[in-house]
Amino acid sequence: MDKRSEHIQQWIDTYSETLLNSALFLLSDKQDGEDIVQNVFISAFESYYSFEGRSSVKTWLMAILKNKVAEFYRKKYRHTENVPLDRYFDQEGSWKHADILQDWNEQDENLLDNNDFNKVMADCIDKLPLKWLIPIKLYYLEEKKADKVCQETGITTTNLWKILQRGRMQLRECLEFNWFNIL
Amino acid sequence: MEKRNTNSITSLQKIRLNAHLMICKWCRAYSRKINVMEDAMKKIFTQDVPDRFNKTDLQLFKDKLKEKLK
């Protein structure tokens with residue numbers, strides 16, 4: 001077995017679990033996750049000799065994974081839809097509903113350390129439609145580099161901001177219903 | 001407000017946003033909520049992803065892929 005094949009076999013053993021869990025986290029679908037991780041290793045095999053070792057193998061494979069996820073998103077959501085905000089704003093751009101004014105009890109300084117709150121937050125995030133959830137997750141995983149996410153996913157920056165805004169609006173409603181007992 | 005969280009707005013836009021937040025209690029209330037959600041999302045997205053593949057499926061995946069890439 002040549003060195004390339006030997007290394008790829010080792011990397012499959014060492015990194016499959018991490019990559020599969022990351023793919024599933026991003027795509028919320030086991031089969032899509034497996035297909036993408038398989039493609040990650042095929043890409044790594046094909047571009048093995050261009051890997052200069054400037055980053056760790058894990059970092060390199062994760063970068064390939066994020067690219068594959070962005071490519072998946074571009075193909076699946078090729079026709080970018082308008083992101084509707086009329087549920088929250090009227091035609092003049094004013095807020096429609098007064099519930100936005102009800103404050104959260106975020107005086108609890110330990111809220112973010114509260115596992116129950118984090119579970120509710122994670123469940124609310126998972127309820128977002130996948131066409132918003134993937135760019136939102138990529139946005140945070142790419143350390144909020146909007147230009148990079150837009151370039152990879154094919155979304156315009158305007159649409160990315162709308163997706164983030166619309167996602168947060170829906171998260172707010174979900175949290176207010178399931179945690180803060182406002183709605 | 002979304003752009004402000006990533007320092008993607010110009011100084012003029014920041015001034016205009018702050019001026020609006022001074023007079024619009026609706027947006028001010030929403031801005032406070034964004035800050036809480038932002039902190040929570042950063043925490044969730046930067047922690048280790050949970051293990052969701054069982055050992056059997058994982059091993060099957062590895063074996064199939066190693067065979068393919070021999």
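This chat walks through how chains A and B meet in a predicted model, then turns to the domains of chain A.

Me: How many residues does each chain give to the contact?
Reply: Chain A gives 38 residues and chain B gives 31 residues.

Me: Which elements of chain A give two or more residues to the side that touches chain B?
Reply: These are α1 (3-27), α2 (30-46), α4 (115-126), α5 (130-141) and α7 (157-178) of chain A.

Me: And which one has the largest share?
Reply: That is α1(A), with 12 residues.

Me: What classes of residue are on that side?
Reply: The side of chain A that touches chain B has 21 nonpolar, eight polar and nine charged residues.

Me: Let's zoom in on α5(A) and α2(B). At what angle do their axes cross?
Reply: Roughly 80 degrees, and the axes come within 9 Å. The two helices are therefore roughly perpendicular to each other, since 65 to 115 degrees counts as such.

Me: Which residues make that contact?
Reply: From α5(A), Lys137(A), Tyr140(A) and Leu141(A). From α2(B), Met41(B), Lys42(B) and Phe45(B). By class, four are nonpolar, none polar and two charged.

Me: New topic. How is chain A divided into domains?
Reply: Into domain 1 (3-76) and domain 2 (98-178). Their C-alpha centres lie 26 Å apart.

Me: How many residues are in contact between them?
Reply: Eight residues of domain 1 of chain A are in contact with 10 of domain 2 of chain A.

Me: Where does the largest share of the domain 1 side come from?
Reply: From helix α3 (residues 57-76) of chain A, which gives six residues. The domain 1 side has four nonpolar, two polar and two charged residues.

Notes
Residues are numbered from 1 along each chain as its sequence is written. Chains are lettered from A and ligands numbered from 1 in the order in which they are written. This is a predicted model: local features need pLDDT of at least 70, side-chain atom pairs count only at pLDDT 80 or more; totals for chains, interfaces and linings use all residues. Two residues are in contact if their C-beta atoms, placed from the backbone, lie within 7 Å. Helices (H or I, at least four residues) and strands (E, at least two) are DSSP runs, numbered from the N terminus. Ala, Val, Leu, Ile, Met, Phe, Trp, Tyr, Cys and Pro count as nonpolar, Asp, Glu, Lys and Arg as charged, and the others, Gly among them, as polar. Axes are lines fitted to C-alpha atoms, for helices over the stretch in contact, and angles run from 0 to 180 degrees between N-to-C directions. Angles under 35 degrees count as roughly parallel, over 145 as roughly antiparallel, 65 to 115 as roughly perpendicular and the rest as oblique. Domain bounds come from an automatic or database domain assignment.
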